[in-house]
Amino acid sequence: MEQRPSVHIDPPQQAQGYWAKSWKQFRKNRMAVWAMRFLFVLLMISLFADFIANDKPIYCKIEGQRYWPIFKSYGVQLGIAKWDRRFLPANWENQEYEYEIPALIPYSASGIDYRNGNFKSPFGEQQIDSWTERHWMGTDQLGRDVAAGMVAGTRVAMMVGLIAMSIATLIGLCLGAVAGYYGDHRLQVSRIRLLLNGLGIVLAFFYAFMVRRYQLQESGTELLKSLAIAVGIMILVNLLARALKGLPYLGQRITIAADLIIMRFIETFTSIPGLLLLLALLSIIHRPSIFNIMVIIGLMSWTGIARFIRAELLRIRQLEYIEAAQAMGFSEWRILLRHAIPNALGPVLITIAFGIASAILAEAFLSFVGIGVEEDQVTWGKLLSLARRSAHAWWLAVFPGFAIFITVTAFNLIGEGLTDAIDPRTRQG
Amino acid sequence: MLRYLTKRLLIFIPTLIAISLLAFGLSKLTPGDPITDRLQAPDDSGGASSAERYEKEVKELARQLGLDKPSFYFALSSAAFPDTTYRVLLPSRRDAVSRLTDRCGNWSASMRYYQSVENFEQRLNALPDSVDADVRIKLRKKLSRLYFSSKERELRAVLQQVQDTAALDPVLLQQMERPLTRLSSSLKKMYSEATPAKRLIPRLYWYGLDNQYHNWLTNFLVGNFGEAMDGRPVVDKISNAIWWTLIINIVTIILAFAIAIPLGITSAVRRDSVFDRSTSLTLFILYSLPTFWIATMLVVFFTTPEYGLKIFKSIGLGDLPSSAPFMARFWETAGHLVLPVICNTYVSLAFIARQMRGGMIEVLQQDYIRTAKAKGLEARKVVWKHSLRNSLFPIITLFASIFPAAVGGSVVIELIFNIPGMGRLMLDSIFAADWPVIFTILMLVALLTVIGNFVADLLYGWADPRVRFA
């Protein structure tokens with residue numbers, strides 16, 4: 001067996017050192033640590049939202065039968081269980097419970113308590129049977145519990161932050177990495193591949209989305225089929241390009257100024273008035289959904305991440321260990337994915353933390369304005385917007401707004417803490 | 001410098017194109033049709049003449065709005081569709097025929113079939129009252145399936161039912177014989193002449209410069225923004241709205257800078273003092289407070305008598321008639337603008353002050369500042385003359401966003417305080433799908449973003465002569 005050259009770089013230890021050091025620095029910032037703890041609480045609330053605020057009891061006993069309604073509702077949503085006939089008109093409050101463990105807040109976000117409609121104050125008199133049924137944060141005009149709405153809103157806010165920033169990070173990482181690592185001179189592609197890929201995009205669009213436009217309106221699986229067609233065409237085209245590599249003129253490799261193209265693209269993109277475009281985009285979607293908002297916010301907020309990663313990679317690719325990796329004959333992709341990008345992630349974390357804050361803010365703003373969120377979806381922004389029309393219900397203005405504020409602040413604090421911990425210029429000791 | 005200027009201007013071109021394409025593409029994707037939304041739909045009872053009149057109206061309006069032209073310079077389509085699909089102006093007809101073509105791959109045969117259905121409907125509506133009303137109603141019920149279905153078997157079955165129903169009444173059968181044969185022959189022909197393979201052949205049609213997008217863009221560039229949905233010129237709407245937005249924003253900018261810069265500097269000079277710590281904390285909180293929350297809270301607590309704290313005037317701009325003396329109107333309006341200005345100011349103030357402090361701290365650590373202090377220069381002079389200029393960089397970056405923000409207006413503030421500015425105009429237009437207005441505002445704001453970036457670059461050069469425009 002051939003002996004491999006034993007060059008040992010020991011990256012894991014080095015990387016660990018970096019992160020451990022950053023973590024230690026981060027821990028010194030007490031505000032940021034508190035923000036982290038608070039964030040953890042929010043995450044727990046959004047994970048267990050169904051058990052915290054629900055009009056179904058967690059456990060109950062009716063006529064000798066035992067039920068676990070909340071767990072069952074998961075099964076029903078997944079299509080593996082069916083509701084008992086007695087629960088079919090979902091009349092949870094009218095059941096004769098022999099024994100019951102209710103959720104912490106025995107109301108659902110969109111459930112209506114008819115007895116306590118027309119803005120019941122948290123401190124005022126409420127039509128309730130026991131203190132457990134109290135609306136701790138009041139109700140709105142229809143009698144929906146604000147506290148339950150707050151819990152549902154927490155879940156929405158966390159999901160917006162998570163999904164929007166995942167999308168943004170993915171796009172930003174890809175484009176930023178290509179721009180930073182390849183620069184203007186290092187990305188080479190054969191003419192034929194470039195040509196065929198251009199053609200492939202047009203054909204993929206034509207066959208996947210134009211020919212099938214009426215089928216696409218029918219169901220969601222049709223969209224998957226379309227995507228499969230598009231991907232298939234792109235694979236085919238690239239295989240063809242590989243086969244035709246030997247051609248005299250078309251097979252030649254040309255340099256693509258990746259950095260220039262991507263930076264111009266980013267510059268153009270940032271000149272687009274984002275918020276206004278967001279409003280316009282959401283207004284044309286037929287069926288409003290909170291997921292559209294998450295996706296669109298994600299699609300619009302990748303530029304910061306791309307810029308950061310580009311700047312980092314411009315620096316990193318000059319470092320000696322990259323040269324060493326190249327000398328060892330690692331492929332460009334392997335170097336980029338395994339050795340360059342992991343070391344550029346620190347600054348990106350900062351952008352992501354601030355990005356989550358602005359994504360949550362953007363979603364709250366959109367649901368406040370009332371664009372793009374479905375009717376029965378309860379969010380913090382939507383609760384807050386109720387306060388505009390009913391000034392006497394102070395609890396509608398105070399609680400949701402404070403939740404938005406404190407969440408956004410927490411992410412900003414974490415972002416600042418990370419800046420201090422990761423940015424070498426401000427790092428002390 | 002000149003080279004730099006041209007480079008900047010060249011970057012502007014793709015931006016303009018990208019935004020105009022986005023806005024135009026969005027306007028094409030909106031549900032609803034810009035022509036038929038402005039017209040009243042014809043009533044069924046009028047028969048052939050009213051349908052004809054409606055079509056004429058649609059044609060006339062499309063010509064006026066320039067919507068009878070192709071949308072873009074070129075179009076990618078399957079070979080089953082001709083290059084003249086855009087000439088079919090009625091959206092219902094366009095959709096139905098496209099759907100049929102998508103099955104059979106033959107546009108003209110589909111069109112002939114659709115027209116035969118229309119002909120059938122017109123003749124049915126024109127029938128004399130002597131015909132059995134029951135049969136007529138039955139036939140009319142079948143019509144919608146003839147119009148909207150595109151499956152061969154279903155269409156044939158419906159046709160058979162129509163023929164059977166028509167046979168029930170001999171008078172009707174006699175009257176409707178020709179439309180019925182036309183209907184059945186065109187349906188047969190549509191499927192006998194079907195060329196479904198054509199659907200899979202891509203084809204690129206070139207339309208040239210006389211298209212909707214090109215006309216729209218060139219009109220925008222010469223300042224002709226077109227008409228809004230309600231028939232008013234877009235220029236009028238925008239010039240009415242921009243006035244309020246500008247007033248609020250100019251006051252805001254002046255206030256924010258006037259407070260934030262001294263605050264940031266003092267904070268930096270007295271770093272880690274009690275003053276610095278408390279200002280930093282306050283600024284951080286202010287910066288994190290969402291505008292729409294604070295604005296809502298201010299409206300709820302301080303503009304309504306609900307809590308006995310009605311300190312400020314209520315939302316809106318007051319309702320003094322324009323005949324009232326100018327000063328009275330001025331004070332009335334100013335009173336209404338206090339809260340919007342406060343809300344608008346505090347965020348920018350916090351941001352600017354934080355940036356200023358950061359920049360100043362960095363500069364104060366430089367060697368030349370220590371030198372200046374060492375040679376006995378007055379502290380005031382060191383700060384205000386030697387440090388300020390170099391710590392302005394972060395502030396200058398702000399300039400890039402000031403212009404677009406000033407005109408784009410704060411959507412939330414104008415919404416909450418009910419001020420008819422640009423943000424409100426944009427929001428209202430979006431809700432009304434008034435695309436001429438949306439398009440213009442998007443383009444204006446983008447234009448201002450580019451100008452803002454440009455001004456910021458010039459200011460960089462002023463603040464630091466080392467910055468060369470390469």
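**Close-ups of a two-chain predicted model**

**Figure 1. Chain A at a glance.** Chain A has 16 helices and five strands (DSSP runs, with helices being H or I of at least four residues and strands E of at least two, numbered from the N terminus). This is a predicted model, so local features need pLDDT of at least 70 and side-chain atom pairs count only at pLDDT 80 or more, while totals for chains, interfaces and linings use all residues. Residues are numbered from 1 along each chain as its sequence is written, and chains are lettered from A and ligands numbered from 1 in the order in which they are written. Along the principal axes, the C-alpha atoms of chain A fill a box of roughly 85 × 60 × 55 Å. Of its 429 residues, 38% are buried (20 or more other C-beta atoms within 10 Å of the residue's own, with C-beta atoms placed from the backbone).

**Figure 2. Where chain A meets chain B.** Here 39 residues of chain A are in contact with 43 of chain B (C-beta atoms, placed from the backbone, within 7 Å). Elements giving two or more residues to chain A's side include α6 (191-210), α10 (274-283) and α15 (380-389) of chain A. The largest share, eight residues, comes from α16(A). By type, chain A's side splits into 28 nonpolar, eight polar and three charged residues (Ala, Val, Leu, Ile, Met, Phe, Trp, Tyr, Cys and Pro are nonpolar, Asp, Glu, Lys and Arg charged, the others, Gly among them, polar).

**Figure 3. One helix pair across the chains.** The axes of α9(A) and α1(B), residues 2-29, come within 9 Å and cross at roughly 55° (lines fitted to C-alpha atoms over the stretch in contact, angles running from 0 to 180 degrees between N-to-C directions). That makes the two helices oblique to each other (not under 35 degrees, over 145 or 65 to 115). On α9(A), the contact uses A:Arg264, A:Glu267, A:Thr268 and A:Ser271; α1(B) brings B:Ile11, B:Pro14, B:Thr15 and B:Ala18. This contact mixes three nonpolar, three polar and two charged residues.

**Figure 4. Inside the largest nonpolar core.** Of its 168 residues, A:Ala53, B:Ala295, B:Ile438 and B:Leu442 touch the most other members (a core being buried Ala, Val, Leu, Ile, Met, Phe, Trp, Tyr and Cys joined through C-beta atoms within 7 Å). α14(A) gives the most to this core, with 21 residues. Leaving out residues up to four places away in sequence, B:Ile438 touches A:Ala280, B:Ala23, B:Met426, B:Ser429 and B:Ile430.

**Figure 5. A bare helix in chain B.** Helix α14 of chain B, residues 367-374, is hardly covered, with zero buried residues among its eight. After α14(B) comes B:Gly376, with a positive phi near 90°.

Definitions and conventions. A residue is buried if 20 or more other C-beta atoms lie within 10 Å of its own, exposed if 12 or fewer, and partly exposed in between; C-beta atoms are placed from the backbone. Two residues are in contact if their C-beta atoms, placed from the backbone, lie within 7 Å.
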